[in-house]
Amino acid sequence: MYGGTPKGWSTAQASVPARAIMGSKTANPIVLVDEICKASESSHNGNLWSAITPHLEVETSRRYRENGIDAELDLSHVIHLATANSTEKLPSQLRDRYRVIRMPAPTLAYLPKLAALVVRDMAAEDDARSHDAPLAADELEIIGRAWARERFSMRKLQRLVLATLEARDTCAMRH
């Protein structure tokens with residue numbers, strides 16, 4: 001669906017970059033593909049990697065034939081971002097066209113700041129969490145041991161912090 005679907009189909013649809021332009025009413029929206037490394041390699045019903053490639057070059061995106069609306073569009077100002085856990089599986093045409101920025105894997109050294117960000121995000125989503133005290137050193141130590149066993153997964157860190165806050169709530173003295 002990234003490249004759109006032809007007008008002859010009952011579900012004709014413009015490409016993701018064209019829809020981003022129409023939706024934002026700007027010529028340079030940001031299009032983000034999260035975890036592009038997990039896209040299917042099969043080309044049976046199309047392939048994300050093949051569909052996205054023409055959008056990543058100025059020459060081809062400037063005169064992109066938009067099948068969904070049967071017109072030629074200038075999509076060259078669209079900003080394309082993608083995240084990936086690894087670039088090894090990605091085809092060379094994507095590795096050549098994207099600027100790869102490697103992020104260091106989280107470690108225990110980052111735990112206090114990352115855990116504080118997790119608490120902040122939870123407070124933003126749930127007003128009841130906005131009054132939580134910062135995590136104590138002993139809580140961070142226990143979270144850190146469990147997080148290391150989970151190989152420093154950020155999703156696991158979020159669960160560990162939530163479990164710690166919930167345990168704190170359960171054990172809090174009642175007035």
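A salt bridge is a side-chain nitrogen of Lys or Arg within 4 Å of a carboxyl oxygen of Asp or Glu. The exercises below apply this and related terms to a predicted model.

**Exercise 1.** Determine which residues are linked with K38 in a network of salt bridges, and how many salt bridges the rule yields in total.

*Solution.* Step 1: Side chains of opposite charge can pair when their charged atoms come close. Step 2: In this model, K38 belongs to a network of salt bridges together with E35 and R155. Step 3: Applied throughout, the rule gives a count of eleven salt bridges.

**Exercise 2.** Describe the salt bridge between R129 and D169, and state whether each partner is buried or partly exposed.

*Solution.* Step 1: The N to O distance between the side chains of R129 and D169 is 2.8 Å, and they form a salt bridge. Step 2: R129 is in the loop between α5 (111-125) and α6 (137-149), while D169 is in helix α7 (residues 154-171), so the pair ties together parts 40 residues apart in sequence. Step 3: Buried means under 20% relative accessible area. R129, with 11%, is therefore buried, whereas D169, at 32%, counts as partly exposed.

**Exercise 3.** Explain the placement of E141 and R145, whose side chains meet in a salt bridge.

*Solution.* Step 1: Both E141 and R145 lie in helix α6, four residues apart, which is about one turn of the helix. Step 2: An α-helix has 3.6 residues a turn, so residues three or four places apart point the same way. Step 3: The N to O distance in the salt bridge of E141 and R145 is 3.2 Å.

**Exercise 4.** Identify the buried residues of helix α1 and the strands that help to cover them.

*Solution.* Step 1: Within α1 (residues 16-24), the buried residues are P17, A18 and A20. Step 2: Viewed down the helix axis, the buried residues of α1 fall within an arc of 160°, so they line one face of the helix. Step 3: Their cover includes β1 (30-33), β2 (64-66), β3 (71-73) and β4 (79-82).

**Exercise 5.** Establish where I36 lies, whether I36 is buried or exposed, and which residues I36 touches.

*Solution.* Step 1: I36 is located in the loop between β1 and α2 (48-52). Step 2: Its relative accessibility is 2%, so I36 counts as buried. Step 3: Leaving aside residues up to four places away in sequence, the residues touched by I36 include L48, W49, I52, L90 and Y98. Step 4: The C-alpha atoms of I36 and K89 are 9.6 Å apart, although 53 residues separate the two along the chain.

Methods
Residues numbered from 1 in each chain as written. Predicted model: local features only at pLDDT ≥ 70, side-chain atom pairs only at ≥ 80, totals over all residues. Heavy atoms only, no water. Buried < 20%, exposed > 50% of the residue type's maximum accessible area, 1.4 Å probe, protein only. Helix = DSSP H or I, 4+ residues; strand = E, 2+ residues; numbered from the N terminus. Arc of directions from axis to C-beta. Contact = heavy atoms within 4.5 Å.
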